[in-house]
Amino acid sequence: MGKIIGITGGIASGKSTVTNFLRQQGFQVVDADAVVHQLQKPGGRLFEALVQHFGQEIILENGELNRPLLARRIFSNPQEQEWSRLTQGEIIREELATLRNQLAQTEVVFFMDIPLLFEQDYASWFDETWLVYVDRDVQVERLMKRDHLSQDEAESRLAAQWPLENKKDLASHVLDNNGNQNQLLTQVRILLEGGR
Ligand code: ADP
């Protein structure tokens with residue numbers, strides 16, 4: 001029997017560190033953020049839906065989305081925010097479902113990295129869910145360092161997501177990334193050896 005494993009966590013909790021390792025081991029990993037990015041490129045389904053709704057003014061001269069303008073239009077208006085959440089959420093879900101169904105044809109075990117796996121209610125798709133967990137102070141520190149942010153900026157990005165603490169009870173497996181990267185990958189190896 002095949003197995004589909006969902007990987008989640010928070011911003012800078014170590015998801016990419018885990019998925020890079022899994023790819024090195026030869027596993028297929030769907031990266032939900034990369035899928036969204038692709039869909040928002042000119043001609044992509046999200047791009048088309050956004051332009052149809054907000055008009056041509058959200059397109060830059062180079063043909064890409066004017067993200068700052070789009071963000072202002074969406075976040076200044078609760079109705080637009082709701083429209084965006086529902087419409088984009090639906091399209092992303094369809095695309096991820098297509099990828100999942102394709103991989104299920106060829107892979108015995110594969111992974112999907114979905115940062116908002118619990119927030120967006122994807123848990124039922126998976127046989128296992130792995131949470132890449134870090135304590136909040138470590139998360140803020142790594143986020144500041146990786147994205148060159150001030151403490152305030154890092155804190156405000158975290159405020160938009162559920163605290164990782166809340167996701168611990170929802171995940172079937174918790175990977176503790178408060179230690180070094182080797183300690184994290186050792187936990188991944190143990191899980192990979194465990195069920196198969
Ligand atoms: P995510 O994909 O969840 O946003 P990353 O895997 O990019 O997180 O990790 C966030 C940052 O923290 C990266 O710069 C990464 O190199 C670093 N990092 C990840 N795990 C560790 C660790 N155990 N020790 C030190 N730095 C780490």
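**Exercise 1.** In this predicted model, determine how the residues of the shell around the ligand divide into nonpolar, polar and charged.

*Solution.* Step 1: take the shell, in which 14 residues surround the ligand. Step 2: sort them by class, which gives two nonpolar, nine polar and three charged residues. Step 3: list the closest, namely Lys15, Ser16, Thr17, Arg146 and Asn177.

**Exercise 2.** Find which elements give two or more residues to the shell around the ligand, and locate the ligand among the pockets.

*Solution.* Step 1: the pocket that holds the ligand is the second largest. Step 2: two or more shell residues come from helix H1 (15-24) and from helix H6 (136-147). Step 3: H1 gives the most, with three residues.

**Exercise 3.** Identify polar contacts of the ligand, using a cut-off of 3.5 Å between N or O atoms, and state how much of the ligand the protein buries.

*Solution.* Step 1: a polar backbone atom of Gly14 is 3.0 Å from an oxygen atom of the ligand. Step 2: in the side chain of Thr17, an N or O atom is 2.7 Å from an oxygen atom of the ligand. Step 3: a nitrogen atom of the ligand has a polar side-chain atom of Arg142 at 3.2 Å. Step 4: the ligand taken alone exposes 560 Å², of which the protein buries 76%.

**Exercise 4.** Count the salt bridges and explain why the pair Glu94 and Arg45 ties together separate parts of the sequence.

*Solution.* Step 1: the count is nine salt bridges. Step 2: one pairs Glu94 with Arg45, with the closest N and O atoms 2.7 Å apart. Step 3: Glu94 lies in helix H5 (residues 78-106) and Arg45 in helix H3 (residues 45-54), so the pair links parts 49 residues apart in sequence.

Technical notes: Residues are numbered from 1 along each chain as its sequence is written. This is a predicted model: local features need pLDDT of at least 70, side-chain atom pairs count only at pLDDT 80 or more; totals for chains, interfaces and linings use all residues. Side-chain values use heavy atoms; hydrogens and water are left out. A residue is near a molecule or strand if one of its heavy atoms lies within 4 Å of it. A polar contact is a pair of N or O atoms within 3.5 Å; within protein, one must be able to donate a hydrogen and the other to accept it, and residues adjacent in sequence count only if both atoms are side-chain atoms. Accessible areas come from the Shrake-Rupley method with a 1.4 Å probe; for residues, only the protein chains shown count as cover. On a 1 Å grid over the protein atoms alone, a cavity is a set of points where a 1.4 Å probe fits but cannot get out, and a pocket is an open set with protein on both sides within 12 Å along at least five of seven lines; lining residues have an atom within 4 Å of a point. A molecule sits in a cavity or pocket if more than half of its atoms lie within 2 Å of its grid points. Helices (H or I, at least four residues) and strands (E, at least two) are DSSP runs, numbered from the N terminus. Ala, Val, Leu, Ile, Met, Phe, Trp, Tyr, Cys and Pro count as nonpolar, Asp, Glu, Lys and Arg as charged, and the others, Gly among them, as polar. A salt bridge is a side-chain nitrogen of Lys or Arg within 4 Å of a carboxyl oxygen of Asp or Glu.
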